[in-house]
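Let's take a walk through this structure together, one piece at a time. Have the viewer open and follow along.

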Amino acid sequence: MLYWWSKFVLLGPLIRLFLRPAVTGLEHVPERGGAILASNHLAVVDSFVLPLMVPRRVTFLAKSEYFTQPGLVGALKRMFFTGVGQVPLDRSVGSAAQAAMDTAVRLLREDKLLGIYPEGTRSPDGRLYKGKTGIARMTLDAGVPVVPVAMVGTDRVNPIGSRMWRPRKVHIRIGEPLDFSRYAGMAGDRFIERSMTDEIMYALMELSGQTYVDQYAASVKERAAKAAAATDDAASSRNGATVTHVATRLDGTKHH
């Protein structure tokens, strides 16, 4: 109930008013049966706009942090994401991640429509990054098609680090379903899963017009965070050395 209430009453009308979302290729989304919507990921708002424009209910694998934040805000987030049927995915623990993937496969076998971000996290700079092969495993285990989806303009609505959405035009481009039935029974073959994932990412690159980067976005973010921390440490060391130097000179002047 909360899903449809949010879509048509609480959030949907406001999103349509301020973002004026437009969609092309909606006919490529299967009217029934399990399928994966594989989308690029530019901003948090992606997960709100895409379900709004797709007639069928869309369930996403959501990062577990949305369900574990403490305090009142955390409780509201848990209530919202649980109420709209999102599945928590713990990306730090292998067994928990496998449990979430098993849940996703079950949903697909129950003819549900599942939204997946193959990059695993938001793009740090608007480019398209290397996809993780979990989507290939889900596809092979459930035997469903993959529908590529390109979100365009959501990074201007909700830039990384921003707390407020900005009224900007958003476009959604949906491509023809990708059929991987030729790989049936090959789940677990790393080469096959990598090839499938790369095919999905190529389709997303074609749809979105993004520059492709053959690196994982999470790794790029991690390196950037370490570089920023190192810069901060170096700046702190320089400031500390300057203060010490000034204090030493003042002390020497006083004794003189």
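Start with a single side chain, Thr 139. If you skip its neighbours within four places in sequence, Thr 139 is in contact with Ile 36, Val 144, Val 146, Phe 180 and Met 196. You'll find Thr 139 in helix 7. Is Thr 139 buried or exposed? Its relative accessibility is 3%, so Thr 139 counts as buried, the cut-off being under 20%. Keep in mind that all of this comes from a predicted model.

Now hop over to one of those partners, Val 146. Leaving out residues up to four places away in sequence, Val 146 touches Ile 36, Ala 38, Ile 135, Thr 139, Glu 176, Pro 177, Leu 178, Phe 180 and Ile 200. Val 146 also turns up in the largest nonpolar core, which has 25 residues. Within that core, Ile 36, Met 138 and Val 146 are the ones that touch the most other members. Which elements give two or more residues to this core? They are strand 2, helix 6 (94–109), strand 5, helix 7 (134–142) and helix 9 (190–208). A separate core of 24 residues lies apart from this one, and its members include Ile 15, Met 53, Val 58 and Leu 113. As a bit of background, nonpolar side chains tend to be buried together in soluble globular proteins.

Strand 2 deserves a closer look. It covers residues 35–39, and 5 of the 5 are buried, so the strand is largely enclosed by the rest of the structure. Both of its faces are covered: Ala 35, Leu 37 and Ser 39 are buried on one side, and Ile 36 and Ala 38 are buried on the other.

What does strand 2 pair with? One partner is strand 5 (residues 113–116), which runs parallel to strand 2 and is joined to it by 4 bridges. In that pairing, Ile 36 stands opposite Leu 114. Strand 7 (residues 146–152) also pairs with strand 2 in the parallel sense, over 4 bridges. Here you can spot Ala 38 opposite Pro 148.

Follow strand 5 and you get to strand 3, since 3 bridges join these two parallel strands. Look for Phe 60, which stands opposite Gly 115 in strand 5. Strand 3 (residues 58–63) is mostly covered, with 5 of its 6 residues buried.

Let's leave the strands and look at some empty space. The second largest pocket has a volume of about 580 Å³. Helix 4 (65–68) and helix 5 (71–83) are the elements that give two or more residues to its lining. The largest share, 5 residues, comes from helix 5. In total, 19 residues line the second largest pocket, and Val 44, Phe 48, Tyr 66, Lys 77 and Phe 81 lie nearest its centre. What is the lining made of? It divides into 10 nonpolar, 4 polar and 5 charged residues.

Finally, zoom out to the whole chain. It has 10 helices and 9 strands. Of its 256 residues, 40% count as buried. As for contacts with a separation of 6 or more, 77% of them are between residues 24 or more positions apart. The pair you began with, Thr 139 and Ile 36, is one of the contacts in this chain.

Methods:
Residues numbered from 1 in each chain as written. Predicted model: local features only at pLDDT ≥ 70, side-chain atom pairs only at ≥ 80, totals over all residues. Heavy atoms only, no water. Buried < 20%, exposed > 50% of the residue type's maximum accessible area, 1.4 Å probe, protein only. Pairing = 2+ DSSP bridges. Core = buried A, V, L, I, M, F, W, Y, C linked by side-chain atoms within 4.5 Å. Contact = heavy atoms within 4.5 Å. 1 Å grid on protein atoms, 1.4 Å probe; cavity = no way out; pocket = protein on both sides within 12 Å on 5 of 7 lines; lining within 4 Å. Points joined across faces, edges and corners; volume = space filled by probe spheres on them. Nonpolar A, V, L, I, M, F, W, Y, C, P; charged D, E, K, R; others polar.
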